[in-house]
Structures are given as C-alpha cells and as structure tokens.
Amino acid sequence: MSFQSRSFLLYTFTVAAVLLAFIHGGHSFYLPGVAPQDFEKGNELLVKVNKLTSTKTQLPYSYYSLPYCRPKKIIDSAENLGEVLRGDRIENSPYVFKMLEPQMCKIVCRITLDAKTTKEFKEKIDDEYRVNMILDNLPLVFPIRRSDQESPVYLLGYYLGLKGQYSGSKVDRYFINNHLAFTVKYHKDLQTDSARIVGFEVKSFSVKHEYEGNWNGDKTRLTSCDPQAKRMVINSNSPQEVEEKKEIIFTYDVEFVPSDVKWASRWDAYLLMSDDQIHWFSIVNSLMIVLFLSGMVAMIMLRTLYRDISKYNELETQEEAQEETGWKLVHGDVFRSPTSSDLLCVYVGTGVQFFGMLLVTMMFALLGFLSPSNRGGLMTAMLLLWVFMGIFAGYASARLYKMFKGTEWKKIALRTAILFPGIVSAIFFVLNALIWGEKSSGAVPFGTMFALVFLWFGISVPLVFVGGYVGFRKPAIEDPVKTNKIPRQIPEQAWYMNPAFSILIGGILPFGAVFIELFFILTSIWLNQFYYIFGFLFLVFLILLVTCAEITIVLCYFQLCSEDYLWWWRSYLTSGSSALYLFLYATFYFFTKLEITKFVSGVLYFGYMLIASYSFFVLTGTIGFYSCFWFTRLIYSSVKID
C-alpha cells in the first residue's frame, strides 16, 4: 500500500478516536472496566436507574419519564454508541446503599398523584413495563425459582405494577410496586476485609403504607413497615392503588447475603437459560442434518464433474465435438457480462463488507470482549467494524467491475458506499421519527445521528474509495475461456429450471441451517433476554457458509447443463432468497410469540426485521455468488477448449 494510503488510514483512525470522545451531545464513550471493584464495610454503593422496557410495545422510556422519586440532581452516565441506540438512559437514583449495612423500610419519598401522572402510571402498567436498575455494572434481576431446576431463572428488572381485582369485585384496579426488597450478594476476600458484589436481586411489593402523626420526610415512622418493631413487608395483601389524589410512599429494604460465587463467575447465573437442553439438542440436530446433506451434495458433485471433465477431454474428432451437450456447450457465453453488471458489483462489494464485519465481530465475541456484561459493546463493535470494512467493499466491487470491462471506478465506488447504507438509513430515519413521536428514549438523539452520518461519510465513504482505487489498479481477472461476440440462444427450459422456482428452492437449505438459532436471537432481541452462546453462533455461521456455497454450486451446475449461461445474477439470488424465508419466519414469530398490539410497535418490528432480512440477503447472496464464480472458473479451466 502506498504512503498516501497509509497516511489516509491513519487519519481515519484518528478521526474515529476523536469522534468517540464527543458523541451523544457531550456524552463520551467509555470502555467498561473489567477490573473488579473492592468495597469496604460502609462504602457507598451507587445504584443507577436505567430505562423502562416492555416486550408488548418495544418502546423504552427513561426512568424519570414517570414521576418517580428523584435525587437532588439527576446525573447522566456516559453511554457508548450501542447503549444509546438501544435506548439505554443510565442515571443516578435516590436509593442509597452502604456496603454490608442492611436497611429496613427506608423511606425514599412520598408523591401525590394528579390526573396526568395517574394516567401515565396506568398506561405503563397496562403495557407491562419493567423497571431496570444497575449496581456495580450488574443489572437488577427478579429471581424465579422452579421445582425442576436448582438455580433460579433471572428476569431483568421488576414489573412497575399490576392490574387486578379485589375479591368479590369485577372492576379492574391498578396497583403500583412501591416497596422493593433488594438483595445484594457479595463475595468476601479471606485475606482482606474487602468484598466484591456478585449479585443484585429484587422482590417487589405493592403496599399501602400508613403512618401516625404528621409527615416528616424520611424520619416518619410507618405503621405498615417498622424497622424498630421488626415489622417487614412480606406480601401485598394491602396493595397501593393508582388513583388520582392518592399519595404513594416509596420504600425499600436492603439485605446483604454472602456468596461462594467469585467475581469472575458472577455473570454465569445471569446467563443460565431455562431451556438450555432444548437449545443444545436443536443445534446439534441441525448440525447433523446439514453435515449429512453437505456430504451427499459434495459426493454427487465430485463424481459427476469428474465424469463430465473426463468425457469432454476424451473428445477427439470434430464430429464428436459437434455432438457435445451440457455445460461445455456454453463455454463461449458463460463469462459474458450480465445485465446491470454495475449493480451486481455494488451488491457483491457490500456483501464482502458484511462478511468481514460479522467474521471479526464473532471472533471478538468468542474471545469474550463482547459479552453481555459490556452493555452496548456488540452493537458499537458492529457499527465501527462496518465502517472500517468499507475498504474491502471498495476493493471487491472495483475488481469485479474491472473484470466486466468497466472504466469509471469512482462511480462504482460511490454507489457501493451509498446504496445499501442509504436504503437502510432511509428506513431507520422513518422508524426513528415514529419512536420520536412516541417520546421514547429509543429515539436516537441529534448528536448521535450526526455521529452516525459522520462515520458514514467521514470514514466509510473515503475507505470505500481507497479500496476501489487499490482494486482497480490490480490487473483485470482473466476468463479461462474466450467469449463469443454473438450471444448464443438459450433453449427452452424445463419447468423446474425456471429462474423463479430454482431461486426459491435454493433459499430453503441455508435458512434451514440457521432458523433454530434464529429463534434464540429473536428472543434475545425482542423479549429482553441475554444472548451469549457465540460459540454456537459461529458454528451456525460456518454451516451457513457451507450450505449457501453448496446449494448455489449445485443449482448453477444444473443450470449450465441445461445450456442456460445467465448464472451471474441467479447465483446471487439463489442463496440470497433465504432472506425471504427469514422475513416470513419473523412474521410467524410476531404472531405466535409476541404480544405487540400497538400499531407503531408493529411497524418498528417489521421495519427492523426488514433491515435484518435485507442484510441477510446481501450476505448470503455474496457467498453464493463467489462460490459459483469459483466453481465456473474451475470447471471451464479444467477442460480443453478447441
């Protein structure tokens, strides 16, 4: 690479580093520390509040969008790009813990509801919103114990409230969870008096607190919950209703429980899956089926091709050559440039960019850098890797463009840099406008939007041009056979070789290789659960590569044997059609697993799944194209053409 190119790359990395320091309206990026924090007895523990989430609406809201108790000054925590895009809003809270000092019935504040706040609370309770908090980088969880499992299953956060009826009444009432019983698990160092936090759990209750005399802030003595009389809240038999002009007193308990779990293993309990055996069995089952099909396909292709090549190379007389049939017959047209070759170059380059981003992301995830403990790290890494992989997109598209005898490499580089991100950005902008209209914290702020545009035009686009320049300077890829000046007429094809039919058939096997893992990925995204089995995901990714390559090669071989040489676009669409099945499965998942009822939430789901399916199309299509490209060059360079 030239000195100018190296200087340019150094410039882009420097700009990216500066950008990361100023993103999100003054909020800086941070790399969450992996070093443990030791606490002595009496040390203050900072409890932070995060967004309110609901699987019914998929619209996050900041904690203080509701009239909860507030500290004297609300301080926003630094959030990385991934956290901002996920809708995280991490702020300080009025909950004050001190290490190893239990508290009982600690009063936070008292509020009186008006018509507006009553309506807001009821709407959020109707939509089953959950409250999220963080302590020492551990999310607050609600443990659910099951008889068939030793360890509890954790649910993120606690329900804001519930809707129910009094006994003997048929009128629905709304109740708020205003008493929180926190459990902080810690692991004590035997050599020192310090301790490390290894768990943060909660049990929520709805309690109508009562007190005698006048209200005196946090010094008021409650009769419903009294630490002096050792009267604790253990149930919600007298719940707190959400009604206009009613007062609500928020309280909490803190209990410190020693644990044998070491700090390095504290996330293990969070990542336990309730159906891990089903997950493992499904993945292994899918792997065995795909490996069996791959072996069969490879065996058939090797034997058939070996026989074809041997037969063609044994043809000696002119009469025998004139009677030849099959894929050798179209050798003079098989490398003829396709229609819309520029667009094909753009999509192939974009697919290379996607492939590089996913490969490096999964490598980092396998090494543990992108675990769930690093909130937003996965999304941040994917975005930055996408930007820097632009150099490979430009290189791939320019190389293919030059093979098609193209001369304007700048035009193809610009289209590669603009087309796919432009389409995705247009959809994202519409969805973001809808989220903004709902006043959700999931709406991307202007500062972050500006940063995303800068990453695109300030770094990605120049890198695509650098890659395009380097790729276009390389010698053009030479075809193994010469192309005739006059295109050969394609004979009438059998019904099963119809382009639409063969393309749709070709997408079934790649989708079948990933649809089981897809269920767990969708569950983690839309039902707020952790996804962490990156080893299995990498294995499924490899299976996807193999199946896309094999099904495309097989169908390309059948197509050439039918004397149809228009394989360029069909090879891309054959494996790329698996994206259609992905979107259909996402639609099935929406109606069978989710309880989304709001129109905006439904539009968000299908909008984001459309982006995911489009991306999957670009990735799988490029894998299929390069497989078929390699296959055709291999077989036509293996036979003697007179």
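## A guided tour, starting at Trp495

Select Trp495 first: this residue is exposed, with a relative accessible area of 64%. Before you go on, keep in mind that you are looking at a predicted model. Trp495 sits in the loop between helix H10 (446-473) and helix H11 (499-506). Now add Tyr496, Phe501, Ile505 and Ile508 to the selection; together with Trp495 they make a nonpolar surface patch of about 550 Å².

**Stop 2: helix H16 and its aromatic partners**

Next, colour helix H16, residues 599-636. H16 has 38 residues and spans 54 Å from its first C-alpha to its last, close to the 56 Å expected at 1.5 Å a residue. How many of the 38 residues of H16 are buried? The count is 28, so H16 is largely enclosed by the rest of the structure.

Stay here for the rings. A pair of aromatic rings is described by the distance of the centres and the angle of the planes. The structure has 53 aromatic pairs. One of them joins Tyr347 and Phe617 edge-to-face, with 6.2 Å from centre to centre and 75 degrees between the planes. Tyr347 belongs to helix H6 (residues 341-366) and Phe617 to helix H16, so this pair ties together parts that are 270 residues apart in sequence. Both Tyr347 and Phe617 are buried.

For a contrast in geometry, show Trp567 and Phe625. Their ring centres are 6.3 Å apart and their planes meet at 20 degrees, so this pair is stacked. Trp567 comes from the loop between helix H13 (534-561) and helix H14 (568-576), while Phe625 is in helix H16, 58 residues apart in the chain. Trp567 is buried, and Phe625 is buried too.

To see a wider group of rings, select Tyr347, Phe354, Trp386, Phe420, Trp569, Tyr572, Tyr614 and Phe617, which form one aromatic cluster.

**Stop 3: charges over rings**

Two lysines are worth a look here. Go to Lys402 and Phe472: the charged end of Lys402 sits over the ring of Phe472, 5.2 Å from its centre. Then jump to Lys124, whose charged end sits over the ring of Tyr129, 5.6 Å from its centre.

**Stop 4: helix H8**

Select residues 390-403 to pick out helix H8. Its 14 residues reach 20 Å from the first C-alpha to the last, close to the 20 Å expected at 1.5 Å a residue. H8 is mostly covered, with 10 of its 14 residues buried. Among the buried ones are Ile391, Leu400, Tyr401 and Met403. Just after H8, stop at Lys405, which takes a positive phi of about 70 degrees.

**Stop 5: salt bridges**

Side chains of opposite charge can pair when their charged atoms come close. The structure holds 18 salt bridges, and three of them make good viewing.

Begin with Lys51 and Asp88, whose side chains meet in a salt bridge at 2.9 Å, N to O. Lys51 is in strand S1 and Asp88 in the loop between H2 and strand S2 (91-98), so the pair ties together parts that are 37 residues apart in sequence. Are these two buried or exposed? Lys51 is buried, and so is Asp88.

Move on to Arg110 and Glu247, which form a salt bridge with their closest N and O atoms 3.1 Å apart. Arg110 lies in strand S3 (residues 103-112) and Glu247 in strand S13 (residues 247-258), so this link bridges 137 residues of sequence. Arg110 is partly exposed, at 33% relative accessible area, and Glu247 is also partly exposed, at 29%.

Then find Asp342 and Lys411, another salt bridge, with the closest N and O atoms 3.4 Å apart. Asp342 is in helix H6 and Lys411 in helix H9 (residues 409-437), so the pair ties together parts 69 residues apart in sequence. Asp342 counts as buried at 19% relative accessibility, whereas Lys411 counts as partly exposed at 36%. Add Glu408 and Arg415 to the view: salt bridges that share partners join them with Asp342 and Lys411 into one network.

**Last stop: Pro71**

Finish at Pro71, in the loop between strand S1 (44-53) and helix H2 (81-86). Pro71 counts as buried, at 17% relative accessibility. Show Tyr95 as well: its C-alpha atom is 8.4 Å from that of Pro71, and the two residues are 24 residues apart along the chain.

Note on methods: Residues numbered from 1 in each chain as written. Predicted model: local features only at pLDDT ≥ 70, side-chain atom pairs only at ≥ 80, totals over all residues. Heavy atoms only, no water. Phe/Tyr/Trp six-rings, centres within 6.5 Å; stacked < 30°, edge-to-face > 60°. Helix = DSSP H or I, 4+ residues; strand = E, 2+ residues; numbered from the N terminus. Buried < 20%, exposed > 50% of the residue type's maximum accessible area, 1.4 Å probe, protein only. Lys NZ or Arg CZ within 6 Å of the ring centre and 35° of its normal. Patch = residues over 30% accessible without salt bridge, like charges linked within 9 Å, V, L, I, M, F, W, Y side chains within 5 Å. Areas by Shrake-Rupley, 256 points an atom, 1.4 Å probe, with all protein chains shown as cover. Salt bridge = Lys/Arg side-chain N within 4 Å of Asp/Glu carboxyl O. Expected span 1.5 Å × (residues − 1).
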